[in-house]
Amino acid sequence: MDHFRYQNGELVCEGVSATALADRFGTPLYVYSAATIREHVTRLRTAFAALSPKICYAVKANGNLHLLRLLSSLGCGMDVVSLGELERAFVAGVEMDRIVFAGVGKGEQEIRAALSPVHSPMRDWRGGDGPDAAFAARLAKRGSVSCFNAESEQELEVIARVAEELGVTARAALRINPDVDAYTHAYTTTGKADNKFGVTIDRAIALFDRFGSRSRSARHLVLDGLHVHLGSPIYTTEPYVAAIRKLLVLEHELRARGHAVRSVDIGGGFAADYETGKTPAYDTYAAAIVPLLLPLVERGVQIVMEPGRTIVANAGVLLTRVRYTKHNGGKHFVVCDAGMNALIRPALYEAFHFIWPARVPAELTPTERRSEMNMPGLNPVDVVGPICESGDFLAQARKLPRVDPGSLLCVFSAGAYGMSMASNYNDQPLPAEVLVEGDRASVIRERQTIVGILEAESPRR
Ligand SMILES: Cc1ncc(COP(=O)(O)O)c(C=O)c1O
């Protein structure tokens with residue numbers, strides 16, 4: 001579901017024409033639809049309402065401050081995996097009690113700042129326009145993150161030591177590696193035994209014995225939560241069911257040993273509509289997951305979810321202009337101004353993004369988004385970028401309507417892990433980002449300039 005559709009052969013986002021946006025703001029351009037984000041959050045919350053989950057949006061999917069403010073206004077907390085993301089969420093107005101801090105390699109400085117504002121780099125923040133007294137006051141008052149999702153014994157030791165030094169109490173959930181296959185790309189599978197994430201169930205019991213609510217360390221570190229994240233995107237409910245069943249057995253065992261389990265975080269991973277009809281509805285996920293977790297909720301356990309992709313992927317597109325077309329080795333290439341620098345998912349994960357011209361004759365209006373489009377007059381092309389790598393492509397052997405230099409292409413479902421993974425490779429400036437609300441479009445991130453890139457490396461006078 002999203003608010004990008006064709007009207008008389010012209011792609012529009014909510015009430016604004018994609019071509020008009022590209023003409024006004026240039027390309028490559030990320031365009032987001034606020035209504036799509038709102039609708040995804042509402043639908044997800046409705047589907048899982050029986051669990052009253054704390055929805056902590058995964059900032060890594062897309063951390064633009066304006067999108068975080070929108071998500072915060074919709075009642076979302078945030079799941080962060082670095083101090084940078086934590087401060088980003090805080091600057092967007094999210095208070096610490098709504099932030100969970102995950103990540104397999106949190107540094108000691110990151111842990112310090114997550115526990116005490118005295119160590120926050122944002123003490124130097126001027127908000128862009130000089131000193132901001134309101135922000136400084138908010139920062140001075142901020143406490144600790146609501147929960148660390150810890151991934152190893154050594155990390156728990158560091159959190160406990162730092163909390164003791166600072167004289168505060170940290171809360172942690174333990175990330176469990178349930179050895180469950182999420183059947184997704186090898187690089188985005190995180191819940192199998194040979195992945196770097198979490199600890200095994202056996203280790204979990206020993207760590208609760210050491211750091212749990214009945215342990216001696218509990219004055220400065222309370223380990224009373226369980227966390228799991230299996231990978232992404234997950235197109236079936238079975239992996240969730242298998243992992244949660246294992247968590248339930250562990251929770252029972254921990255209780256039997258006298259440990260409190262106050263929260264269970266089931267991570268993210270819910271899919272997005274990259275192809276029409278491939279993704280389960282939220283109700284389908286919920287029908288499998290809710291009955292398993294309801295008994296915990298009835299005992300007062302807080303359920304946490306960390307969705308990223310499913311909320312923002314379909315809410316964003318990447319607009320790119322065709323620069324050249326050419327034939328090589330029996331293939332047709334469409335060379336665009338955006339490639340792996342702007343959207344790396346096809347190159348890195350062999351990910352599929354539906355691509356179509358922003359303006360087409362009426363008979364070529366797509367009614368579905370599929371890898372194989374069944375329409376007359378399409379030709380297979382490789383859609384490639386300007387980067388000096390043969391792996392720099394947005395699509396390969398993709399059947400498209402005819403395009404020419406100057407044509408505008410839309411890369412759909414690019415709102416998640418698009419801009420947040422974009423780079424300056426080949427000294428390509430980062431794209432601009434625009435947020436559409438109804439018939440209004442506002443720039444939410446200026447296009448990076450070459451001067452801006454070089455300034456960061458220039459010696460200070
Ligand atoms: C710990 C954790 N939680 C949540 C997410 C968000 O996943 P998704 O965007 O697929 O919902 C990720 C993604 O990598 C993650 O590592």
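**Helix α1, domains and ligand shell**

Q: Which residue follows α1, and what is the sign of its phi?
A: This is a predicted model, in which local features need pLDDT of at least 70, side-chain atom pairs count only at pLDDT 80 or more, and totals for chains, interfaces and linings use all residues. Residues are numbered from 1 along each chain as its sequence is written. Helices are DSSP runs (H or I, at least four residues; strands are E, at least two), numbered from the N terminus. The phi near 85° is positive, and the residue that follows α1 is Gly 26.

Q: Why are the buried residues of α1 on the same side?
A: Buried means that 20 or more other C-beta atoms lie within 10 Å of the residue's own, with C-beta atoms placed from the backbone. In α1 (residues 18-25) this holds for Ala 18, Leu 21 and Ala 22. They are on the same side of α1 because the arc they cover around the axis, taken from the directions from the helix axis to the C-beta atoms, is only 95°.

Q: How many Å separate the centres of domain 1 and domain 2?
A: Domain 1 comprises 4-31 + 313-455 and domain 2 comprises 35-310, with bounds from an automatic or database domain assignment. Taken over C-alpha atoms, the separation of the centres is 32 Å.

Q: How many residues does each domain give to the contact?
A: Two residues are in contact if their C-beta atoms, placed from the backbone, lie within 7 Å. Domain 2 gives 21 residues, and domain 1 gives 23.

Q: How many residues surround the ligand?
A: A residue counts if its C-beta atom, placed from the backbone, lies within 6 Å of the molecule. The closest are Ala 58, Ser 232, Gly 268, Gly 308 and Arg 309, and the number of surrounding residues is 18.

How values were computed: Buried ≥ 20, exposed ≤ 12 C-beta atoms within 10 Å, placed from the backbone.
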